[in-house]
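The following exercises ask the reader to work through a protein model step by step. Each task is followed by its solution.

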Amino acid sequence: MRAARYYDNSDIRIEDIPEPTAGPGEVLIDVAYCGICGTDLHEYLDGPIFCPSATEPTSWTGETAPVTLGHEFSGVVSGLGEGVDDLAVGDHVVVEPYILAEGVDTGPDSVDYHLSDGMNFIGLGGAGGGLAEKIAVKRRWVHRISPEVPLDQAALIEPLTVAYHAVKRSGAKAGDVAVIGGAGPIGLLTGAVLKAFGATVIVSEISELRRQKALESGAADHAFDPRETDIAAKARELTDGKGAQVAFEASSVQVVLDTLMDALRPTGVLLIVSIWGHKADFDMHKLVMKEIDMRGSIAYVNNHPETIELVESGKIDLAPFITGRIGLDDLIDEGFDTLINRNETAVKILVSPND
Ligand SMILES: [Zn+2]
């Protein structure tokens, strides 16, 4: 079968590799759609980060490069390994793409399996990937979805779950005013979840096209250019002068962090959902004097069922966030290149490995 394989920084190849089979406790999936993620771009430009190199293997799988890429995917069950009896061939599914150590408690009450030692992701650290025709995944990480949800939209459930986990971590609730700094894919999807929760969303974003997207997609009630509009003043206008209850940093840009600190009310919550490749220069005194709670959020933990429910119930429409569809052969030329060099209009580009 054909697969996109990560060899190294700037070296991804579309190759023929052996088809996987469903081992005991595993589910074989025909991949329908796989999204390209900012993390994939980082691996391509600056990696390997989560990916192994040719000499340094991934913890727990022991795999070295090349590995198959793709961790945001949907598909149809095409085979069941020994012992899997609660799914059927033909079921529509999405994958929670974790690689964890044996013995980590991944039960329904766990709140920290995503923080366990050596955590990695299917489609980055090894164990196959969604940028291939097929993948075999442990039953634990396969989530059935309603056939009513289109499979292209279902490929966005993984990044939506990242946003859902961040919103849960923030404690945001109906009636709150939330400010999001940065309207990239995660900022936009965070807006979609907040709106589904009944919050009012202000997006701060310098790109006009991205501001338009935030408004058109229903991810934001208000979208402003922070160079032209005082975001903190707008947040106070909407809250009887108090400021926003919650703010989400989704850009890893210093000035955005400062803007959000000003937009928050005393006792507000600042949620960091972006990946920072450098240290922040942070006004700690402001945090102390406003008693701000600053929290980080990474990936998800037991959040897929509730996120899937938001999509199945129609509370979130993922269609507006799909901005491109390509085949596997065009992954680099049309997919990566668009997202790296012309990313103002692109949100999520989907790859169909079986077309
Ligand atoms: Zn991702």
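## Exercise 1: An unusual backbone angle

T267 is found in strand 15. The model is predicted, and the angles below are computed from it.

**Task.** State what is unusual about the phi of T267.

**Solution.** Step 1: recall the general rule. Most residues other than glycine have a negative phi. Step 2: compare the residue with this rule. T267 is not a glycine, yet its phi is positive, at about 70 degrees. Step 3: place the residue in the chain. Strand 15, which holds T267, covers residues 264–272.

## Exercise 2: The sheet that contains strand 15

**Task.** Determine in which order the six strands of the open sheet are arranged, and whether the pairing is parallel or antiparallel.

**Solution.** Step 1: recall how a sheet is held together. Strands of a sheet pair through backbone hydrogen bonds, either parallel or antiparallel. Step 2: read the order across the sheet, which is 13-12-11-14-15-16, with parallel pairing. Step 3: find the edges. Strand 13 (222–224) and strand 16 (293–296) each have a single partner strand, so one side of each has no neighbour in the sheet. Step 4: consider the twist, which averages 20 degrees from one strand to the next. Step 5: examine one pair in detail. Strand 15 and strand 16 run parallel and are joined by four bridges; V269 has D293 in strand 16 as its bridge partner.

## Exercise 3: Helix 3 and its surroundings

**Task.** Describe how helix 3 is placed against the strands and against helix 4.

**Solution.** Step 1: begin with the strands. Helix 3 lies across strand 14 (244–249), strand 15 and strand 16, and runs at about 150 degrees to strand 15. Step 2: turn to the helix pair. The axes of helix 3 (residues 157–170) and helix 4 (residues 185–196) come within 8 Å and cross at roughly 60 degrees. Step 3: classify the angle. Helix 3 and helix 4 are therefore oblique to each other, and their crossing is right-handed. Step 4: inspect the contact. Helix 3 contributes residues including L160, V162 and Y164, while helix 4 contributes residues including I186, L189 and V193. Step 5: sort the residues of this contact by class, which gives twelve nonpolar, one polar and no charged.

## Exercise 4: A second sheet and two cis bonds

**Task.** Identify the edge strands of the three-stranded sheet and locate P48 and P66.

**Solution.** Step 1: read the order of this open sheet, which is 2-1-4 with antiparallel pairing. Step 2: name the edges, strand 2 (11–16) and strand 4 (67–68), each of which pairs on one side only. Step 3: look at one pair. Two bridges join strand 1 (residues 2–8) to strand 4, and R5 has T68 in strand 4 as its bridge partner. Step 4: recall that most peptide bonds are trans. Step 5: note the cis bonds. The bond from G47 to P48 is cis, with omega near 0 degrees, and a cis bond with omega of about 5 degrees joins A65 and P66. Step 6: locate the prolines. P48 is in the loop between helix 1 (38–46) and strand 4, and P66 is in the loop between helix 1 and strand 4.

## Exercise 5: The two domains

**Task.** State which residues form domain 1 and domain 2, and how many residues each gives to their contact.

**Solution.** Step 1: the domain assignment gives domain 1 as 2–156 + 318–352 and domain 2 as 160–296. Step 2: the C-alpha centres of domain 1 and domain 2 lie 29 Å apart. Step 3: the contact takes nine residues from domain 1 and ten residues from domain 2. Step 4: on the side of domain 1 that touches domain 2, five residues are nonpolar, two are polar and two are charged.

Technical notes. Residues are numbered from 1 along each chain as its sequence is written. This is a predicted model: local features need pLDDT of at least 70, side-chain atom pairs count only at pLDDT 80 or more; totals for chains, interfaces and linings use all residues. Domain bounds come from an automatic or database domain assignment. Two residues are in contact if their C-beta atoms, placed from the backbone, lie within 7 Å. Ala, Val, Leu, Ile, Met, Phe, Trp, Tyr, Cys and Pro count as nonpolar, Asp, Glu, Lys and Arg as charged, and the others, Gly among them, as polar. Two strands pair if DSSP finds at least two bridges between them. Axes are lines fitted to C-alpha atoms, for helices over the stretch in contact, and angles run from 0 to 180 degrees between N-to-C directions. Angles under 35 degrees count as roughly parallel, over 145 as roughly antiparallel, 65 to 115 as roughly perpendicular and the rest as oblique. A crossing is left-handed if the near helix is turned anticlockwise from the far one by less than a right angle, and right-handed if clockwise.
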